[in-house]
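Visitor: I would like to learn how to read a model of this kind, feature by feature. Could you take me through it slowly?

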Amino acid sequence: MTTAGGAGETRSLGGGPERRPGHEERRCPACGAALTDLRPSYRIGDWAVVRCSSCGTGVTVPEPDEAVLRRMYDEPAYYETHGIRHSDVLPDHRARARVVDAWAPGPRVLEVGTGEGYLLAALRDEGFDVRGCEISAWAAAAARERFGLDVFHGELAAAGYGPASFDVVLMYHVLEHVSAPRRLLSEAWQLLRPGGLLIAEVPNLDSAQMRYGRRAREHILDLPFHLVHFTPTGLRTLLARQGFRVLELTIPFGPPFGPVLAVYEALRRRRRASGGEPSTSTGDRERSAGRAGPSVGRREGSPDRPGCGGIRLPADEGEHVRERSMRVTAWKARILERLRAVSSAYKMTAYAERLEECPPSGGG
Ligand SMILES: [Zn+2]
């Protein structure tokens with residue numbers, strides 16, 4: 001993998017895992033437990049990842065120098081490997097904008113980590129009132145020049161947005177790049193109005209692609225740029241600690257069954273849309289237990305969220321037909337769950353509601 005500043009600068013970030021003592025006092029940035037097991041789970045070059053024995057979240061050791069990383073983010077070269085030309089993180093921005101649109105409880109959107117502004121520009125075209133915040137001067141300037149977007153260059157805390165001034169805060173592949181994700185989330189909590197929506201997407205350390213895809217692993221870990229490596233449990237715990245309720249955690253299917261399952265899911269959606277099959281939660285979404293869907297209010301005129309809805313049967317069907325249908329549905333869900341365990345893609349997306357109160361802070 002090429003890094004923006006070249007191997008020389010990467011090495012100047014902190015040396016080998018053994019060289020800098022002190023990480024034995026570190027706490028898990030997700031759940032706050034002390035990091036007691038310091039045996040590296042992964043090692044790439046001078047860098048290693050140790051995991052929290054409580055929630056499984058990984059931490060890059062030794063702790064890279066964030067000031068050096070910052071300089072590297074300011075180089076256009078970083079975006080050649082990590083930006084729009086990086087096929088792994090090249091999303092269909094229009095499709096992503098439609099997902100945001102389907103979830104958004106209001107029109108005011110802030111994207112933290114705007115990059116070159118593709119998603120924000122797509123959202124503006126959908127009618128959203130958009131702002132951006134980006135720590136790379138180069139990327140912020142590109143977003144302003146290319147799309148005329150209102151992008152603040154610098155830390156979120158310095159941007160000067162008022163409390164509760166946004167309905168939606170987006171963080172696509174941001175939290176893994178900061179050493180203190182709790183602080184960033186607490187800032188986002190302040191900026192969101194109660195009932196507002198946070199969408200946070202990060203790589204999934206527990207994904208099948210991470211475990212089995214040896215070539216993909218380097219990209220997913222992306223050392224030393226990724227300082228924290230989340231698991232579904234870690235991300236859920238972190239969000240709960242910071243005053244968010246996770247409405248849904250989406251874990252997409254990946255290789256080797258991903259393409260087949262994507263076709264299966266698309267066919268199911270079509271049958272469901274035409275009333276041919278009882279509706280259930282989609283296979284690529286890990287639903288929050290005990291919740292039927294988001295409780296945040298939706299914007300007027302936004303389309304239905306794809307794949308949402310509980311089990312629905314025609315009223316005139318007999319009880320035994322109902323039962324059998326539900327058994328088949330549960331059986332299919334179990335199979336999909338098993339397949340996901342060996343075929344989940346590298347990332348996950350949390351859709352979380354900003355609660356009225358943030359629990360008192362404590363621990364790491
Ligand atoms: Zn943890």
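**Reading the model**

Guide: Let us begin with a local backbone feature in this predicted model: just after helix H5, Gly127 takes a positive phi of about 105 degrees.

Visitor: How many helices and strands are there in the chain?

Guide: The chain holds 12 helices and 12 strands. Of its 364 residues, 40% count as buried, and among contacts between residues at least 6 apart in sequence, 74% join residues at least 24 apart.

Visitor: Turning to H5 itself, which of its residues are buried?

Guide: A general idea helps here. An α-helix has 3.6 residues a turn, so residues three or four places apart point the same way. In helix H5, which spans residues 118-125, the buried residues are Tyr118, Leu119, Leu120, Ala122 and Leu123.

Visitor: What do the buried residues of H5 pack against?

Guide: They pack against two helices and two strands, namely helix H4 (93-103), helix H6 (137-147), strand S4 (108-112) and strand S5 (129-134).

Visitor: How should I describe the way in which the axes of H4 and H5 cross?

Guide: One reads the distance, the angle and the hand in turn. The axes of H4 and H5 come within 9 Å and cross at roughly 60 degrees; an angle from 35 up to 65 degrees falls outside the parallel and perpendicular classes, and H4 and H5 are therefore oblique to each other. The hand of the crossing of H4 and H5 is right-handed. On the H4 side, the contact is made by His93, Arg94, Arg96, Ala97 and Val100, while H5 contributes Tyr118, Leu119, Ala122 and Leu123. Sorted by class, the contact of H4 with H5 has 6 nonpolar, 1 polar and 2 charged residues.

Visitor: Now for the strands: what is the order of the open sheet of 4 strands?

Guide: To read an open sheet, one follows the pairing from one edge to the other. Here the order is S1-S2-S3-S9, with antiparallel pairing, and the edge strands, each pairing on one side only, are strand S1 (42-44) and strand S9 (228-229). Strand S1 runs antiparallel to strand S2 (residues 47-51), to which 3 bridges join it, and in this pairing Arg43 of S1 stands opposite Ala48 in S2.

Visitor: Is strand S12 mostly covered or uncovered, and which strands pair with it?

Guide: Strand S12, residues 347-354, is mostly covered, with 7 of its 8 residues buried. Strand S8 (residues 192-203) pairs with S12 in the antiparallel sense over 7 bridges, where Pro203 stands opposite Lys347. Strand S10 (residues 244-250) also runs antiparallel to S12, joined to it by 6 bridges, and there Val246 stands opposite Ala352.

Visitor: Finally, a loop residue: where is Tyr161 found, and why does it count as partly exposed?

Guide: Tyr161 is found in the loop between strand S6 (151-153) and strand S7 (166-172). A residue needs 20 or more such neighbours to be buried and 12 or fewer to be exposed, so Tyr161, with 18 C-beta neighbours inside 10 Å, counts as partly exposed. Leaving aside its neighbours within four places in sequence, Tyr161 is in contact with Leu110 and Leu191.

Visitor: How far apart are Tyr161 and Gln190 in sequence and in space?

Guide: Tyr161 and Gln190 are 29 residues apart in sequence, and their C-alpha atoms are 9.6 Å apart in space.

Technical notes:
Residues numbered from 1 in each chain as written. Predicted model: local features only at pLDDT ≥ 70, side-chain atom pairs only at ≥ 80, totals over all residues. Pairing = 2+ DSSP bridges. Contact = placed C-beta atoms within 7 Å. Axes fitted to C-alpha atoms, helices over the stretch in contact; angles between N-to-C directions. Parallel < 35°, antiparallel > 145°, perpendicular 65-115°, else oblique. Left-handed = near helix turned anticlockwise from the far one by under 90°. Nonpolar A, V, L, I, M, F, W, Y, C, P; charged D, E, K, R; others polar.
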